[in-house]
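Trainee: I should like to take a close look at a single part of this protein. Please treat it in one connected account.

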Amino acid sequence: MATAHLTIDPHFSVGTIDRRLFGGFVEHLGRHVYDGIHEPGHPSADADGFRTDVIELVRELGVSTIRYPGGNFVSGFRWEDSVGPREERPRRLDLAWHSTETNQVGLHEFADWLEKVGSDLMLAINLGTRGTAEALDLLEYANITDGTTRAQQRIDNGRTDPFGVRMWCLGNEMDGPWQLGHRSADDYGKLASQTAKAMRQIDPDLQLVVCGSSNAHMPTFGEWERTVLHHTYDDVDYISCHAYYEERDGDAGSFLASGVDMDGFIETVVATADHVQAVKGSIKRIDISFDEWNVWYNQRYHDVDRIEGIDNWPVAPRLLEDRYSVLDAVVFGSLMISLLKHADRVASASLAQLVNVIAPIMTEPGGPAWRQTTFFPFSITSRLAQGRSLDVKIESEKYDTKAYGEVPLVDAVATHDEETGRTAIFLVNRAQDGPTTVTIDVNALGLVDVRETHMLSDDDIHAANTLEQPERVGVAPNYSVVLDGGVLTVTLPAVSWTAIALG
Ligand code: AHR
């Protein structure tokens, strides 16, 4: 049997975990908003038309901040369309997803929904087809208490208190040729700087995210970050990262090692940001908002889902409704490990997305809502990962991958909460041919007990939860865990994710 050995010491701290690391993302896309979170005719709908079964699941998932309203959608979005009397709101073409946006759910309705699910709003502005003036209008509308036309408009629309949005994304994926208003790094950097400066004239305390690359494999990756930060370094707080992973050509070995790619992505962006800091001689540090991450079978969208036709602009079409397997959830769990390992520089992250669209939660119109496999690593990690992230020493056997060369079979991270004395360990076994036994030296934690264990694994790594079988895959305790003399021993089945809580 393959083996690995870990050492955990609460003194080896990476950094404090910002709760915003467990954020989500809701885009007006497919059946995310309409027929997802909002379905007025559904038996579980509340007086505002929101599905309460979905609200319950989002609460259980444990998402902190939710990025809204896009994504690619935001680059053609006119925020004014989405406020005011519903019957007067225009229906618009959504060019990003070749759909019709009815604007029946907008800023006010979404903010109400966030209160129900207990999450905070993170707003993205349109720097694709629009610019600084419209961003200022939105900021005034959202955050100024009263005394101006925009603030009064919000009050007249039923919201006396300002929305108080703290975190703002300056556009979306502006490096991508698919993006409405796609620009060069120089042009975008100048626009983002000008917009950020103007927004700070209204409120210097805003937290602003400038667009980094759409993924680490963009032809402009690295140079984009350097140029954009050269223009915006003094104006923004975070630079964004986006990354989606999928199994390609049946190469599960490389897919299971996606966390290696994410580690490298984060470390390269940090290095680039720190390079700009050095060049500028600045004492300010720019951190990362990893504001889109997930497993996404992106190729399927291009091959199957993509909508075309001048007279074909459906409302809430089925788009990006990926069905996640056990294998996908193990990779997903390893991406969360990667984010936690970099808690010193990743201040915020948004799982893309939340409901129906590449989502941990699925719904059927008039029917049930259920948890996909990816729901479990997210909800458990969000609940157990408290306090600080620890630098775990990992000695693991390795395996060969086509994409990343030699990769450790086991990846792991630990977290420790000084206040409660609780520690959590998250592990993945990437081995496909059998279990791996892991010994974990936890002597430095002092006297602890095993409080909880959770394991996601299945004889069929392609098993998934579906409308027909919504509970086919779940988590079970990992009964192999033994704690003896300061050493924890655990067997990780092939292709599995495990969480262990100590305290
Ligand atoms: O999450 C789906 C899409 O992926 C988003 O709209 C876009 O930002 C990214 O390319």
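How many residue pairs are in polar contact across the interface of domain 1 and domain 2?

Mentor: The model is a predicted one, and in it 11 residue pairs are found in polar contact across the interface of domain 1 and domain 2, both residues of each pair having pLDDT 80 or more. The elements that give two or more residues to the domain 1 side of this interface are helix 7 (252-256), helix 8 (258-280), helix 10 (326-341), strand 14 (369-371) and helix 11 (375-384). Helix 10 makes the largest contribution to that side, with 9 residues. By character, the residues on the domain 1 side comprise 18 nonpolar, 10 polar and 8 charged.

Charged pairing also occurs here, for 2 salt bridges are counted between the two domains. The side chains of Lys341 and Asp411 form a salt bridge, with 3.1 Å from N to O.

As to the overall arrangement, the chain is divided into domain 1, covering 18-384, and domain 2, covering 390-502. Their contact draws 36 residues from domain 1 and 39 residues from domain 2. The centres of the two domains, taken over C-alpha atoms, are 29 Å apart.

The size of an interface is often expressed as the accessible area lost when the parts come together. Between domain 1 and domain 2 the buried area is about 3000 Å², and carbon and sulfur atoms give 71% of it. Of the area that domain 1 buries against domain 2, 20% is supplied by Val326, Ile337 and Leu384, more than by any other three residues.

Notes:
Residues numbered from 1 in each chain as written. Predicted model: local features only at pLDDT ≥ 70, side-chain atom pairs only at ≥ 80, totals over all residues. Heavy atoms only, no water. Domains from an automatic or database assignment. Contact = heavy atoms within 4.5 Å. Buried area = accessible area lost by both parts, 1.4 Å probe. Salt bridge = Lys/Arg side-chain N within 4 Å of Asp/Glu carboxyl O. Polar contact = N/O pair within 3.5 Å; in protein donor to acceptor, adjacent residues only side chain to side chain. Helix = DSSP H or I, 4+ residues; strand = E, 2+ residues; numbered from the N terminus. Nonpolar A, V, L, I, M, F, W, Y, C, P; charged D, E, K, R; others polar.
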